[in-house]
Amino acid sequence: MTTELTRLPAGAGISDILEVLDRDGGVIVERFLPPERVDGILAELEPFIRQTAPFADDFSGHQTTRTGGLVLRSRGVRDLLMDPTILGPAQA
């Protein structure tokens with residue numbers, strides 16, 4: 001059985017997002033961020049991502065990386081978290 005997440009359009013209302021989250025546990029808001037905003041966030045984080053060493057164990061894998069502190073390291077991530085489309089459902 002394959003389960004797909006419901007897709008809502010950019011600009012979907014908080015109530016619509018919450019309805020799908022409550023029902024399905026997840027939702028995709030299509031084209032939520034314009035490409036230039038994504039590019040800006042990636043540019044801010046790229047030096048930190050590049051410096052992140054891969055894990056060295058069989059459980060996590062030998063190529064897996066996890067870069068932490070994204071909120072501290074990127075104004076774009078901080079702004080993203082304060083966006084009503086993210087913050088509204090999180091507060092609810």
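A nonpolar core here means a set of buried Ala, Val, Leu, Ile, Met, Phe, Trp, Tyr and Cys residues joined through side-chain atoms within 4.5 Å. Keep in mind that this is a predicted model.

With that in hand, look at the inside first. The largest nonpolar core is built from five residues: Leu8, Ala12, Ile17, Val20 and Val29. Ile17 makes a handy viewpoint. Setting aside its neighbours within four places in sequence, Ile17 is in contact with Leu8, Ala12, Val27, Val29, Thr85 and Pro89.

Now for the outside. Val71, Leu81 and Ile86 make a nonpolar surface patch of about 210 Å². Val71 sits in helix α3, which covers residues 70–73. Its relative accessible area is 40%, so Val71 counts as partly exposed, between the 20% and 50% cut-offs.

Two arginines in loops are worth a look next to Val71:

| Residue | Place | Relative accessible area |
|---|---|---|
| Val71 | helix α3 (residues 70–73) | 40%, partly exposed |
| Arg66 | loop between α2 (35–51) and α3 | 60%, exposed |
| Arg31 | loop between β2 (28–29) and α2 | 75%, exposed |

What is Arg66 in contact with, leaving aside its neighbours within four places in sequence? Thr52 and Phe55 are the answer. Phe55 lies 11 residues from Arg66 along the chain, and their C-alpha atoms are separated by 8.4 Å.

Arg31 stands out for its backbone: phi is positive, about 50°, although Arg31 is not a glycine. Its side of the story is an exposed one, because 75% relative accessibility is over the 50% cut-off.

Terms used:
Residues numbered from 1 in each chain as written. Predicted model: local features only at pLDDT ≥ 70, side-chain atom pairs only at ≥ 80, totals over all residues. Heavy atoms only, no water. Patch = residues over 30% accessible without salt bridge, like charges linked within 9 Å, V, L, I, M, F, W, Y side chains within 5 Å. Areas by Shrake-Rupley, 256 points an atom, 1.4 Å probe, with all protein chains shown as cover. Salt bridge = Lys/Arg side-chain N within 4 Å of Asp/Glu carboxyl O. Helix = DSSP H or I, 4+ residues; strand = E, 2+ residues; numbered from the N terminus. Buried < 20%, exposed > 50% of the residue type's maximum accessible area, 1.4 Å probe, protein only. Contact = heavy atoms within 4.5 Å.
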